[in-house]
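Grab your viewer and work through the exercises below. Try each task on your own before reading its solution.

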Amino acid sequence: MSSTPSNKFLPSPKTVAIVGCPFSGGQSKLGVDKAPIHLVQAGLINEVEELGWRVVFDGHHQFEDISTPPDGIQVNVTSDPAVNTALDASIARLRSPLLVAQVCESVASAVQAHAEMGHLPVTLGGDHSLAMGTISGTLRAYDQACVIWIDAHADINTIHSTDSGNIHGMPLSFLLKLNPPAPSPDSVLAKFDWVSHLPAERLVYIGLRDVDRGEKEILKKHSIKAFSMHEVDRYGIGKVVEMALDHVNPQRDRPIHLSFDVDALDPSVAPSTGTPVRGGLTFREGHYICEAIHQTGLLVAFDLMEVNPTLADAESVRQTVTVGCSLVRSALGETLL
């Protein structure tokens, strides 16, 4: 069944735009780009329509027109050799930064266009680097939007703190403008200048349990609100969601962008994902978050990220895809009764 409170920001008829983003360039494991196709083939569009939504889906974005610049692009130009050396070493660790920047910019434009037409964009990833694009698109259309980030990981490493160089672990550092400014228009960092600015006080995490040391320092330094699995255990998911909303949306008047990485769920619930961590959200806790955010009437965008249909046996893949579809339905109004 569905429960559909009036949405304070979406016009009637209520419309969902499915934005399929088969992209894996923000990390090193193959297969996450297959998730949007699996989710749609599992019947997601029909399921959303059965909840009373009109659905716009023009096929998956293939990013055919995106190509990285030739080798030899200027990295950094500053007057301080020490600064150049530190920046060069950090940028050299990044995986496919030019490709990620261009793909995410394309996604931002797509999400922005749908949002400005009054659609609710549901972006199917792909890896979580795409959130640079989805959240930027939301902020272009709703400049006061807040972000609720559901994840086992903080995804807020900077170019200096990252060990892996995988940009799916870095999107929030670009959104919060925590990386150094580009030293020249030709530097790699300048290719991320289009990313919108999300103020730290408008971000809240739920479900963290695998946070890098550098990320912990970043969260403390910038007073970023986070509810780890410790708080979920201590207070229960209902209280945690209310506290999260109280922090980023105290008057319940801001649009909400909900970005959900399936690895926030325990691997027993969603095993087919790239970076599973034991001790995660239960099936019901994950769905409760989506249900509660829907009930606010403030949801304007939803991301489902990091389903990887190639990393487990067929039954585990089916289970994870089914859970992914179910999370989308819950965010769009499906209820137990």
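Two strands count as paired if DSSP finds at least two bridges between them. Keep in mind that this is a predicted model.

**Exercise 1. The edge of the sheet**

Task: find out in which sense strand 1 and strand 2 pair, and over how many bridges.

Solution. Start with strand 1, residues 15-21. Three bridges link strand 1 to strand 2, in the parallel sense. The cut-off is at least two bridges, so strand 1 and strand 2 count as paired with their three. For a concrete spot to look at, take Thr15, which sits opposite Arg54 of strand 2.

Now zoom out. Strand 2 belongs to an open sheet of eight strands, ordered 2-1-3-8-7-4-5-6, with parallel pairing. Strand 2 (54-56) and strand 6 (225-228) are the edge strands; each has a single partner strand, so one side of each lacks a neighbour in the sheet. On average, neighbouring strands in this sheet are turned by 15 degrees against each other, direction ignored.

**Exercise 2. Inside the sheet**

Task: work out which residues of strand 4 point which way, and which strands pair with strand 4.

Solution. First, a reminder: side chains in a regular strand alternate between the two faces of the sheet. In strand 4, Cys146, Ile148 and Ile150 point one way, while Val147 and Trp149 point the other way.

Next, check burial. The cut-off for buried is under 20% relative accessible area. Five of the five residues of strand 4 (residues 146-150) are buried, so the rest of the structure largely encloses this strand.

Last, the partners. Strand 7 (residues 256-261) pairs with strand 4 in the parallel sense over five bridges, and Val147 stands opposite His257 there. Strand 5 (residues 203-208) also pairs with strand 4 in the parallel sense, over four bridges. Ile148 has Val204 of strand 5 as its bridge partner.

**Exercise 3. Helix 10 and its neighbours**

Task: classify how helix 10 packs against helix 9 and against helix 11.

Solution. Begin with helix 9 (residues 237-248) and helix 10 (residues 283-295): their angle is about 40 degrees and their axes are 10 Å apart. Roughly parallel would need an angle under 35 degrees, so helix 9 comes out oblique to helix 10. The contact involves Ile237, Gly238, Val241 and Leu245 on the helix 9 side, and Glu285, Tyr288, Ile289, Ala292 and Ile293 on the helix 10 side. By class, that contact holds seven nonpolar residues, one polar and one charged. As for handedness, helix 9 passes helix 10 in a right-handed crossing.

Then do helix 11. Helix 10 and helix 11 pack at about 30 degrees, with axes 7 Å apart, and are therefore roughly parallel to each other. Here helix 10 contributes Phe283, Gly286, His287, Cys290, Glu291 and His294, and helix 11 contributes Val323, Ser326, Leu327, Ser330 and Ala331. The class tally for this contact is five nonpolar, five polar and one charged.

One more step ties this back to the sheet. Helix 10 lies across strand 4, strand 5, strand 7 and strand 8 (299-305), and runs at about 165 degrees to strand 7.

**Exercise 4. Backbone oddities**

Task: locate the cis peptide bonds at Pro13 and Gly126, then decide whether Ser223 and Glu306 are buried or exposed.

Solution. Take the peptide bonds first. Ser12 and Pro13 are joined by a cis bond with omega of about 0 degrees, and Pro13 is in the segment before strand 1. The bond from Gly125 to Gly126 is cis too, with omega near 15 degrees. Look for Gly126 in the loop between strand 3 (120-125) and helix 5 (131-141).

Now the positive phi values outside glycine. Ser223 has phi near 50 degrees and sits in the loop between helix 7 (213-221) and strand 6. With a relative accessible area of 57%, Ser223 is exposed. Glu306 has phi near 75 degrees and lies in the loop between strand 8 and helix 11 (314-331). Its relative accessibility is 3%, so Glu306 counts as buried.

**Exercise 5. A buried arginine**

Task: place Arg329 and list what Arg329 touches.

Solution. Arg329 is in helix 11. Its relative accessible area is 16%, so Arg329 is buried. Leaving out residues up to four places away in sequence, Arg329 touches Glu47, Leu51 and Glu334.

Key:
Residues numbered from 1 in each chain as written. Predicted model: local features only at pLDDT ≥ 70, side-chain atom pairs only at ≥ 80, totals over all residues. Heavy atoms only, no water. Axes fitted to C-alpha atoms, helices over the stretch in contact; angles between N-to-C directions. Helix = DSSP H or I, 4+ residues; strand = E, 2+ residues; numbered from the N terminus. Parallel < 35°, antiparallel > 145°, perpendicular 65-115°, else oblique. Left-handed = near helix turned anticlockwise from the far one by under 90°. Contact = heavy atoms within 4.5 Å. Nonpolar A, V, L, I, M, F, W, Y, C, P; charged D, E, K, R; others polar. Buried < 20%, exposed > 50% of the residue type's maximum accessible area, 1.4 Å probe, protein only.
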